[in-house]
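Me: I would like a close look at a single part of this model. Please take the sheet and then the core that shares strands with it.

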Amino acid sequence: MFQIALKSLRAKWRDYTVLFVGLVISAAIFYMLSAIALNRDFLLNNSSIGLIVPVFMVGEFLLGVITFVYLNFANSFLLRLRQSEYGLMSMLGAKKSQIGDLLMQETLALGVISTVIGIFAGIGLTAASGNFLMNLLDTKLANWSVFSFNAALATLVFFVALFFINGLYNRGRLSKQDTLTLLTADKQVSQPKRHKLLDPLLGLVGLGLLILSYVMMPGIVHLGLYGFIVVLVLNVWGTYWFVSRTLKMVTYALRGSRFNNRGLRSFLNGQLLFRLPEYQRILTVISVMFGLALGAMSVGQGYYRALPQQAQSGQPFTAAYTSDKISTSNLKDITWEATYHYSVNKGKVYFNGDEFNEKKLPTVVETGKGNDTRIKWLTGDYLLATPGSEYTLTSIANQILDKQYGATAVVTHNESEMAVEGM
């Protein structure tokens, strides 16, 4: 039976090409996101967002839902493509259980082959995109890994499980259809049921859920992880109801209008009604994906516009160099520049307080008016007398010790004390 399934796949390879390429791309994208979402050390070491790991996990879940809808559509297409052939087998004496086993093996074979190729494609795309971004930013990311066994295993298990579930579903559908129905499946027209009260109601409810999800989005920081999940559920469910019910109402409204009776519009509208149950799922997925893409671009533009304010509110300086061979003559719009000496001993960085008395050190302090900040200039005597005020020096110490955080900065009274402490 397995050999027959493979021969059937080879015989229909032209029909399966588009489906196969789509499955490979889906598996590759799923692997790419899994390689990041399951790399906890990479996420924690390269982001200051506390919920970065749960956010990526929720994103992977949403991608899994989208992939499930796509695979369901693809396998339904696979079943429709072969229904008449299965009907012919049944007429020639094949049992429904044998045909069901054949369909199951075809589905699993297609799924496993496309998933394995997709994993290798995902590894290549992860390497290419990661290296491109790091070269573009001229930086190296800590704990970055192109190949992840956990990501490959998660992708394989997820897709095989989905294909197995879809195979069981299609097998159940096949067992409920008689031979005549299978033989004439391509000639049958099945139009969606029309509900004059329920369709407009669910369409309005879907629109309301969509509006509510977009109203909640600006407050996602205060809502937390559970609020983020609620927004995603409302957005996906609202999109599905709004798209499916609205499309049905529009097509039925056009059916009885004068606009529908010109040219090929009646034929096109009939085809739309015929394919509407499949289209509404795919259009919902496409709408959600467009929403995610627009959301990602909006967040990127927001970060780009807020970058100067974030940089100014976080640190009072643009760059700190740990070498005296750096030339700043080509830099423009420099408002402050100073040279300080330091020494390192046992994981601590020591600074000369006298130098801060001569050239005050800037630090960022809150004004007490919301999130507004201002620059405060500190002397060495103030730094010595006020523990915890060496925030700027701690940031410089992290850079000196090549740490993201956790460095200790110590202000000494004079140069000789710094030399002794730093030995």
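Reply: Start with one pair of residues. Asn 345 has Lys 348, in strand 2, as its bridge partner. Keep in mind that this is a predicted model.

Now widen the view. Strand 1 and strand 2 pair over four bridges, in the antiparallel sense. In general, strands of a sheet pair through backbone hydrogen bonds, either parallel or antiparallel.

Next, the whole sheet. It is open and has three strands, in the order 1-2-5. Its pairing is mixed. Strand 1 (342–345) and strand 5 are the edge strands. Each of these pairs on one side only. From one strand to the next, the twist averages 30°.

Then turn to the core. The largest nonpolar core has 16 residues. Phe 351, Phe 356, Leu 361, Leu 383, Leu 393 and Ile 396 touch the most other members. Which elements give two or more residues to this core? They are strand 2 (348–352), helix 13 (391–400) and strand 5 (408–412). Helix 13 gives the most, with four residues. In soluble globular proteins, nonpolar side chains tend to be buried together.

Look at Ile 396 in particular. Set aside its neighbours within four places in sequence. Ile 396 is then in contact with Phe 317, Ala 320 and Phe 351. Phe 351, like Ile 396, is among the core residues that touch the most other members.

One more core lies apart from this one. That other core has 10 residues, including Phe 30, Leu 110, Phe 159 and Phe 163.

Conventions
Residues are numbered from 1 along each chain as its sequence is written. This is a predicted model: local features need pLDDT of at least 70, side-chain atom pairs count only at pLDDT 80 or more; totals for chains, interfaces and linings use all residues. Side-chain values use heavy atoms; hydrogens and water are left out. A nonpolar core is a set of buried Ala, Val, Leu, Ile, Met, Phe, Trp, Tyr and Cys residues joined through side-chain atoms within 4.5 Å. Buried means under 20% relative accessible area, exposed over 50%, partly exposed in between (1.4 Å probe, protein chains only). Contact means heavy atoms within 4.5 Å. Two strands pair if DSSP finds at least two bridges between them. Axes are lines fitted to C-alpha atoms, for helices over the stretch in contact, and angles run from 0 to 180 degrees between N-to-C directions.
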